[in-house]
Amino acid sequence: VLLTDGVVTSGRSLSEAADTLSRQDIPLWMVGVGSDQPSPEVAIEEVLADDRAFLGDEVRVDVRLKAVSVPQGELTVVLKDRDSGLALATERIAVASDSTRVNIPLPFAATRPGLQNLEVVVEPLAGEVFDGNNRRRFSILVRDDPIGVLLIADQPSYEFRFLKHLLERARGKASDSENLVDLVSVLQSGDPRYAQQDRTAAELPPIDRESLESLDVVILCDADLEQVGGLLLSRIEELVRSQGMGLVVIAGPEHALSVDSRSPLSAILPIDPNQTAAPTGTQQLPIPVALTNLAASTGELSLPTGISWEQMPPIFWLMRTEAVKPTASVLLASPKPDKGSRLPQLVPVVASQTVGAGQVWLQLTDETFRWQVASPVHNLHERYWLQTIRRLARRKQVDSSDQAELIVEGQRFLEGDSVKVQLRPPAGMKLEQARLEVRQTAGDTIKSDKDESTDAAGLETLYPSADNRSLQTTLADLRMGEYTLRIVDPEFDPPPHPVTIQVESVSTEFVQGRAAVAEMASAARATGGQLLTP
């Protein structure tokens, strides 16, 4: 006689056990506990957000929510600041069916510099058994220093002039007294005396590694790449890959994206530069520009409410290409009529590609300055460029070599998984060991090097790795829950940012979430027994 919900967590299945009992003439009488209907559950499956932002940025947080056996009504999802407890964004979702998955945007303004510890919360439902997945924690680092931008152009085109003046006057959203951009502009064919008279101009671009590492974004605006030089291009390409520097390449009529196949740029551009065609002669036909479905779905290049890309002024010069690399994303495009197809082909206008830690942005026109007159209320040229520069600069690795860094490979683990933890000390510092605090959100005892079990947190020791470049340890036997990892010894200035990880259950009860009524009834019948209810 068994009192059970019929869920087998290990060993043979019910049907296999029933076969054995049947051969031995042992009837199986079962009292089925629980319901075969799924219990109500709402879970935050995933939270996607940039881990870096600039002060005043609108930070996009995307939440993927799953709801099962939910009565019709509303679910409230809240983005909170864990340090202050304030709600940063709230969204109410109407639930029309008992089972659904939905993506919820929760944008908020980054108004406080430094590390922000955030949390997405959805209230548990009545009767919900497992509510450990009703919240998800994460952190972002908010920078309040100016964005370092290097702008290189051959000729003082309209695109160069408009962009240069925009970046010179751009102010941070949080303070009108500080420049948003720390600009260095280089005009390759300009008079050397021009650089002496203009506060942001330089005769030559910086080429030493220290100056380049201080930059967040490099913009090549129809630049003479041969004059830029292979050494500088190689260093830019290496910093894009390794440190997340952003690169913008603007094609224009002077040099028409003349990139040699051996150039470092050839490998990181989102298109094949050898399969492009520059327009010739005077361009008189307008070229409309529209947002692609991909960009619209990800929130890229958004415009103010009530304004669409179809209302933007057209451009008249566009380098044509259809050889977009498989790893690239086309964000802006121009429709190209095709009589043999029901859908118009799209000619790329703006494409991007992730390269290592950074991102490369290719603009196949030098006429975005025309967008400045698109609205009497909004400067859409400014909006386009500041969105682009902020986005590219967010990927920059701001953790310099003189700052300790705590590294965990992954954020979500299953019970029984090993969690590898590394401490990368500042450059030049040698450590024999370090102490790591492992604290569970609920304050339970985790793992301690003492026999007592009264500590709210456990301690782990990190030892030098084989290459002596970092210290490391492996956490094992972590129970289900959320953990915060923090270095407590030695003390660093500034200290490495804490890391939050989630350990999830592999228990079959939580996966299945209902009693196995049909399996119990079948097993009972096969042995000559019966399934009863309490």
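1. In the loop between H1 and strand S2 (29–32) sits Asp-25, which in this predicted model has a positive phi of about 60° although it is not a glycine. Most residues other than glycine have a negative phi, and that backbone value therefore deserves a look in the context of the loop between H1 and S2.

2. Helix H1 (residues 14–23) also takes part in a helix pair, its axis coming within 8 Å of that of helix H11 (residues 517–526) and crossing it at roughly 10°. Because angles under 35 degrees count as roughly parallel, H1 and H11 are described as roughly parallel to each other, and the crossing of H1 past H11 is right-handed. On the H1 side the contact is made by Leu-14, Ala-18 and Ser-22, and on the H11 side by Glu-519, Met-520, Ala-523 and Ala-526; by class, these residues divide into 5 nonpolar, 1 polar and 1 charged.

3. Two cis peptide bonds deserve attention, one from Asp-489 to Pro-490, with omega near 0°, and another from Asp-493 to Pro-494, likewise with omega near 0°. Pro-490 is found in the loop between strand S29 (481–489) and strand S30 (499–504), and Pro-494 lies in the loop between S29 and S30 as well. For context, most peptide bonds are trans.

4. The second largest pocket has a volume of about 1400 Å³ and is lined by 46 residues, of which Arg-60, Thr-298, Gly-299, Glu-300 and Gln-387 lie nearest its centre. Helix H9 (residues 380–394) gives the most to this lining, with 8 residues, while the lining by class has 16 nonpolar, 14 polar and 16 charged residues.

Definitions and conventions
Residues numbered from 1 in each chain as written. Predicted model: local features only at pLDDT ≥ 70, side-chain atom pairs only at ≥ 80, totals over all residues. Heavy atoms only, no water. Axes fitted to C-alpha atoms, helices over the stretch in contact; angles between N-to-C directions. Helix = DSSP H or I, 4+ residues; strand = E, 2+ residues; numbered from the N terminus. Parallel < 35°, antiparallel > 145°, perpendicular 65-115°, else oblique. Left-handed = near helix turned anticlockwise from the far one by under 90°. Contact = heavy atoms within 4.5 Å. Nonpolar A, V, L, I, M, F, W, Y, C, P; charged D, E, K, R; others polar. 1 Å grid on protein atoms, 1.4 Å probe; cavity = no way out; pocket = protein on both sides within 12 Å on 5 of 7 lines; lining within 4 Å. Points joined across faces, edges and corners; volume = space filled by probe spheres on them.
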